[in-house]
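Visitor: I have a model open and a few things to ask. Can you walk me through it?

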Amino acid sequence: MKKHPVKTMLKHQPPGRLIAAGFALVILTGSLLLMLPICVRPGQTVRFIDALFTSTSAVCVTGLIAIDTADHFTPVGQAVVAMLIQVGGLGVTSVGAGLIIAAGKRVGIRSRLLVKEALNIDSYKGIVKLVKSVLTLTLVFELVGAALSFLVFSRDYPPLHALWISIFHSIAAFNNSGFDILGGLQNLIPYQSNVLLNLTTCGLIFFGGIGFLVILDILKHRSFRKLALHSKVVLTTSAALIVAGTVLLKLTEDVTWLGALFHSVSARTAGFSTYPIGSFTNAGLFVLCILMFIGASPGSTGGGIKTSTFFVMLQSARSAFTKRPAGAFRRTIPHGNIFSAYTVTVLSLSVVCVSTFIMCVLEPEYSLIQLLFEVVSAFGTVGLSTGITPDLCDAGKFVIVLVMFTGRVGAMTLLSMWINHPEPNVRFTEESVTIG
């Protein structure tokens with residue numbers, strides 16, 4: 001029996017290329033769906049570049065918007081956006097594997113390889129069980145988040161409308177995507193003093209951002225001392241960044257402690273805001289840029305270079321000064337991890353710098369900090385903006401689309417798609433280079 005040529009071709013593609021292609025296909029499909037008359041409100045027009053921008057922002061769980069989701073899209077269109085956020089947050093391969101499991105079919109080796117690559121795990125062991133746990137955790141967190149959000153939104157909207165807003169908000173928050181359907185480009189500013197909604201949103205963002213492996217590790221051991229090194233690194237780094245960000249934002253901006261805490265958490269790839277970001281000082285915007293660039297944790301719904309990458313680089317720097325091996329919690333960090341951390345950071349900085357330069361050329365009317373903030377927000381799949389996104393030119397929007405895609409898939413993954421050199425057989429003589 002002759003094999004199908006398309007299946008044969010796909011079988012020999014590297015996992016990174018298939019994952020990137022999967023995201024691209026979902027984005028394009030979402031763009032076309034969002035342009036259907038049933039998805040667009042009467043009297044509104046959705047151009048392809050804006051549909052593409054919205055779809056990319058949803059699938060890449062960013063939250064940057066060129067057009068307001070509530071004002072331009074019908075409930076059907078909003079449901080499409082929510083579906084894209086869910087698929088983007090869980091990952092195309094995880095959703096695909098989940099559908100295979102739901103259909104009662106066997107998850108093949110190729111599918112397991114893709115899930116392993118997408119969730120950034122080291123072993124094939126327990127892949128099916130892991131996918132089931134990921135889907136169950138997502139459902140539980142989003143249901144709890146929707147219930148708590150409903151207590152708030154039901155005070156201001158009719159029951160059915162409040163329920164839909166709550167479900168959409170919970171999906172967006174847990175998947176670290178800053179979309180809202182309140183209308184008027186206002187995000188959560190009307191609820192800046194509502195403690196329940198602020199803390200519920202922060203909780204969803206936090207658990208969606210630390211990664212499914214960490215959540216499962218916590219549920220299994222229920223003791224910080226017994227957790228894996230990765231879980232300890234993620235939790236301590238996340239907590240430190242939240243505290244540092246809260247204090248710095250309180251010092252630089254005229255916001256409450258609740259507002260400072262909310263934006264410190266949200267800047268770590270979620271993108272919700274309870275204060276207008278455009279009114280922040282340059283110091284505050286710079287603090288947010290740092291938090292957005294670091295981002296969430298591996299295997300999560302968030303972006304950025306990741307908390308573990310930042311932690312490993314800090315330990316590497318400490319090691320250089322103290323002349324002791326890099327490590328923490330009585331464990332030594334392998335040199336391979338250190339090399340990967342610096343590689344990811346350099347590639348990420350390169351993407352941000354090049355993209356910011358291009359945006360400065362395309363949008364000369366905006367300041368450097370505004371454009372840098374927009375690019376870092378897109379790369380970290382955050383969604384915070386100083387308010388310039390809807391007014392960007394089409395070329396500028398397309399650049400941000402590419403940056404969001406790169407941030408979600410990963411600069412290292414995209415690079416590995418095209419560079420696949422075999423291991424060289426020749427080793428040259430080693431010679432030192434003066435540093436610093």
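Visitor: Which helices do the buried residues of H14 pack against?

Guide: Keep in mind that this model is predicted. The buried residues of H14 include Gly-284, Leu-285 and Phe-293. Their packing partners are helices H12 (229–252), H13 (257–266), H15 (307–322), H16 (335–362) and H17 (368–379).

Visitor: How far apart are the end C-alpha atoms of helix H14?

Guide: Helix H14 covers residues 282–294, which is 13 residues. At 1.5 Å a residue, the expected span is 18 Å, because the rise is multiplied by one less than the number of residues. The model agrees with that: the end C-alpha atoms are apart by 19 Å.

Visitor: Which residue with a positive phi follows H14?

Guide: H14 ends at residue 294. Ile-294 is buried. After H14 comes a residue with phi near 75°, Gly-295.

Visitor: What span should helix H9 have?

Guide: H9 runs over residues 159–174 and holds 16 residues. Its end C-alpha atoms are 22 Å apart, in agreement with the expected span. At 1.5 Å a residue, that expected span is 22 Å.

Visitor: Which helices pack against the buried residues of H9?

Guide: Among the buried residues of H9 are Ile-165, Phe-168, His-169 and Phe-174. The buried residues of H9 pack against helix H5 (75–90), H8, H10 and helix H11 (212–221).

Visitor: What is the phi of Asn-176, which follows H9?

Guide: H9 covers residues 159–174. Asn-176 follows this helix, and its phi is positive. The value is near 55°.

Visitor: Which helix gives the largest share of the nonpolar surface patch?

Guide: The patch is formed by Val-140, Val-144, Leu-148, Leu-151 and Leu-196. Together they have about 380 Å² of accessible area. Leu-196 lies in helix H10 (residues 195–210). The largest share, 4 residues, comes from helix H8 (residues 127–153).

Visitor: Is Leu-196 buried, partly exposed or exposed?

Guide: Buried means under 20% relative accessible area, and exposed means over 50%. Leu-196 has 32% relative accessibility, so this residue counts as partly exposed.

Visitor: What percentage of the residues in the protein chain count as buried?

Guide: The chain has 19 helices and 2 strands. Its accessible surface is about 21100 Å², with 67% belonging to carbon and sulfur atoms. Of its 436 residues, the buried share is 52%.

Visitor: Among contacts between residues at least 6 apart in sequence, what share joins residues at least 24 apart?

Guide: A contact here means heavy atoms within 4.5 Å. Among contacts in the protein chain at least 6 apart in sequence, the share joining residues at least 24 apart is 69%.

Terms used. Residues are numbered from 1 along each chain as its sequence is written. This is a predicted model: local features need pLDDT of at least 70, side-chain atom pairs count only at pLDDT 80 or more; totals for chains, interfaces and linings use all residues. Side-chain values use heavy atoms; hydrogens and water are left out. Buried means under 20% relative accessible area, exposed over 50%, partly exposed in between (1.4 Å probe, protein chains only). Accessible areas come from the Shrake-Rupley method with a 1.4 Å probe; for residues, only the protein chains shown count as cover. Patches are made of residues with over 30% relative accessible area and no salt bridge: like charges are joined within 9 Å, nonpolar side chains (Val, Leu, Ile, Met, Phe, Trp, Tyr) within 5 Å. A salt bridge is a side-chain nitrogen of Lys or Arg within 4 Å of a carboxyl oxygen of Asp or Glu.
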